[in-house]
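Colleague: I would like a close look at a single part of this protein, explained slowly enough for a first-year student. Could you take me through one residue and then step back from it?

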Amino acid sequence: MGTLRFSMTMLIRDYRKSIFYGMTLVFAVAVSFVFFNIINNKDLVDQMIASSGGTWHEVKMPFSSVLSFLIVCFCCFMIFFANNFFLTRKTTELAVMGMSGSGYINSTIYVLYQTFVLLLLATPLGILLGRIVVPYANQYMYTALGIDKDIHIIAKEAYLYSFLIVAIVLAMICVLTAGYLHRNDILVLLSQEKEMNFNKGSRKTSSLLYIGIYIMGIVMMFMNPHQADAYIAPTLVGIIGAIGIIRYVLPDVIRKMKKDVFLTKRHILISISNLSYSIQRSLLLFGLMTVSVTGMMAILVACKDSPREFTTAVIGYIVVIVLLAVSIVYKLSMEAMTRKILFSNLWKIGYTRKELRKMIKQEIAMYYTILICIPLVYIIFIAGRFIYYEEMTFYFVLVFSLAYIIPIALSGLITYYQYEQAVVKSIKGGK
């Protein structure tokens, strides 16, 4: 009972650490509900039902059903990602519990109480949000397919499977949380939440190698015969190069620029240091964003002659972008809270609030510019190939790109507001 009371007290007191995690849960449940409805929609059953033969090899699943299932899996993955980051923001509390004699089992229960409460609140809110979205999704699909049915009818299975997926996610979170706390001792937990150094890795590789790998991905696009799935391998190669550039090349460039170009520019010197840390901590998100955007472009083109698959892919594309944008905002907002002491000390040595805000603007602007540009380079080359073979119009590319750029830009504005609230508004006194 004491663990439960302490867990709820800390959840309420440090609600800022939980609000974006809760939003991720709500949005993931809502998305799962919408796509479970698409899979089990009886008005589309004649189009979506799987055709099967006498052997396993003759079983054929509709691509829209497969894509819907993959998006639900993607939602679960984003929940696990958000939960892992949620745990890293709770390490101080867990370390205090450990020093007070609590074993890792009690610490696991402490975290699970909070996660269970958040899921308990997020599940009905997510389903409610899903119920609001479903009629619009149905209307879009029915219009594209020429079906005249009531758009407000929702498959009962959507409710059942949504609750089932929440139960599965909770079980997996139990296992992941227990493993995380079992692997990390008190000293590690104390250092993780406030650590601002990023391990560069023990292996040093030539910068030209990663740049070459990134360019090789582009070259491979022109070496393969043109077809929708021919751009998967080049994109994966490009991601390897991009990750190597971000992890190894970019820090070296920043260090050289700090010593030479930015040595006397006190604002950019600090913001670019924070930028380097933030980007290196976002390698997974950068990779997911690149794969998702380029992959969905190929899928949309491949499905352009099949209205059911195309409409499912359009909804999926928007959902994936928004989910990634929410996760990025959550991650950066939580990291901003670890920089309160840094910005407080800068204010104490003479920096004004205006200058602190300028540093934040510089960091956020550079971060989101890099986030947009890394996939955009590949989008331009892939889209150029499709346009050349007259399988895609410039208008389609423009809409596709804006559907990617606008949510990311909006998430940048939200991140700036959260960042500024966390590190500038918390400073008391002065100007």
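Modeller: What follows begins with one serine and then moves outward to a pair of helices and the protein as a whole.

Please keep in mind that this is a predicted model. The residue to find is S278, which lies in helix 11, the stretch covering residues 266-280. Its relative accessibility is 2%, and because buried means under 20%, S278 counts as buried. Leaving aside residues up to four places away in sequence, S278 touches L332, E335, R339, E363 and Y367. One of these neighbours deserves a second look, since the side chains of S278 and R339 are also joined by a polar contact of 2.9 Å.

Moving on to how helices pack, two packed helices are described by the angle between their axes and the distance between the axes. Helix 12 (residues 283-302) and helix 16 (residues 394-423) have axes that come within 12 Å and cross at roughly 150°. An angle over 145 degrees counts as roughly antiparallel, so helix 12 is roughly antiparallel to helix 16, and their crossing is right-handed. On the helix 12 side, the residues that take part are M289, V293, M296, M297, L300 and V301, and they meet F396, F400, Y404 and I408 of helix 16.

Stepping back to the whole, the protein has 16 helices and 0 strands, and 48% of its 431 residues count as buried. Among contacts between residues at least 6 apart in sequence, 85% join residues at least 24 apart. The protein exposes about 21,300 Å², with carbon and sulfur atoms supplying 68% of that area.

Definitions and conventions:
Residues are numbered from 1 along each chain as its sequence is written. This is a predicted model: local features need pLDDT of at least 70, side-chain atom pairs count only at pLDDT 80 or more; totals for chains, interfaces and linings use all residues. Side-chain values use heavy atoms; hydrogens and water are left out. Helices (H or I, at least four residues) and strands (E, at least two) are DSSP runs, numbered from the N terminus. Buried means under 20% relative accessible area, exposed over 50%, partly exposed in between (1.4 Å probe, protein chains only). A polar contact is a pair of N or O atoms within 3.5 Å; within protein, one must be able to donate a hydrogen and the other to accept it, and residues adjacent in sequence count only if both atoms are side-chain atoms. Contact means heavy atoms within 4.5 Å. Accessible areas come from the Shrake-Rupley method with a 1.4 Å probe; for residues, only the protein chains shown count as cover. Axes are lines fitted to C-alpha atoms, for helices over the stretch in contact, and angles run from 0 to 180 degrees between N-to-C directions. Angles under 35 degrees count as roughly parallel, over 145 as roughly antiparallel, 65 to 115 as roughly perpendicular and the rest as oblique. A crossing is left-handed if the near helix is turned anticlockwise from the far one by less than a right angle, and right-handed if clockwise.
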